[in-house]
Amino acid sequence: MCLFAVFLLYRRITAIGRLSKLLWVVVMGTIGWIIFAGLTHFDSSRAFDFPPGAFTLSTGFFHGLGSAMLIATYDYWGYYNVCFLGDEVEDPGRNIPRALLLSILLVAGLYIVMNLSILAVVPWREMNGAGGAGSGLYVVSLFMQRIYGSWAAKLVTGLVMWTAFASVFSLMLGYSRVPYAAALDGNYFRVFARVHPKHRFPSVSLISLGGWLRCSVFCGSPM
């Protein structure tokens with residue numbers, strides 16, 4: 001998948017923009033389907049069923065809060081990705097701040113609504129044990145199976161994989177510009193400042209990043 005992402009990114013930025021829109025449409029469609037399914041089968045008694053002492057300020061509370069914040073931070077990961085593409089963004093002084101603020105607000109809204117939608121269908125106790133049950137069904141798959149059946153669970157699993165790939169695609173696009181920008185400023189190896197002779201994107205930086213990611217995946221190195 002890393003090499004396939006490099007293949008897709010190895011082209012001019014206008015073509016990448018069209019690919020990004022395609023990935024985005026499917027991602028938003030998946031989120032929209034999950035929210036629609038949850039809201040049309042909403043059970044408030046499940047959605048707001050908290051364990052005893054859930055809001056008591058204790059060691060368990062802060063451990064749980066910290067664990068949840070780690071996941072939430074990952075969900076926000078990439079909101080700043082547009083900053084890496086400043087030289088390739090039209091009217092960056094206007095569009096970059098807008099992209100940052102809108103993505104933060106959009107992710108916050110979707111995060112809250114989507115989690116409530118799922119909790120309103122699958123009780124949190126059942127969800128908590130789904131990952132370790134060995135059934136191969138995890139939160140969203142279990143959620144869709146509960147509402148529509150096994151076909152929906154399989155379909156949404158594929159859509160979640162598409163979403164994960166879209167995340168890799170987007171982050172590789174942004175991070176491939178970091179060594180390139182550093183090399184242009186004289187703070188990194190000059191070879192990384194090379195661009196494709198025709199399509200004018202940082203080809204050496206992109207290929208190097210893809211190769212490193214591939215080695216990291218196969219060698220089990222921390223990302």
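**Close-up views of a helical protein**

In this protein, 67% of the contacts with a separation of 6 or more join residues 24 or more positions apart; contact means heavy atoms within 4.5 Å. This is a predicted model, where local features need pLDDT of at least 70, side-chain atom pairs count only at pLDDT 80 or more, and totals for chains, interfaces and linings use all residues. Residues are numbered from 1 along each chain as its sequence is written, and side-chain values use heavy atoms, leaving out hydrogens and water.

**View 1. Y80 meets F84 edge-to-face.** The structure holds 13 aromatic pairs. The ring centres of Y80 and F84 are 5.7 Å apart and the planes stand at 80°, so this pair is edge-to-face. Rings of Phe, Tyr and Trp (its six-membered ring) pair if their centres lie within 6.5 Å, with planes under 30 degrees apart called stacked, over 60 edge-to-face and the rest tilted. F84 is partly exposed, at a relative accessible area of 26% (buried is under 20%, exposed over 50%, partly exposed in between, with a 1.4 Å probe and protein chains only).

**View 2. Y148 and W151 make a tilted pair.** Here the centres lie 6.2 Å apart and the planes meet at 45°, so the pair counts as tilted. Y148 is partly exposed too, with a relative accessible area of 30%.

**View 3. F7 has aromatic and charged company.** F4, F7 and F165 form one aromatic cluster. Over the ring of F7 sits the charged end of R11, 5.3 Å from the ring centre (this requires NZ of Lys or CZ of Arg within 6 Å of the centre and within 35 degrees of the ring normal).

Key. Helices (H or I, at least four residues) and strands (E, at least two) are DSSP runs, numbered from the N terminus.
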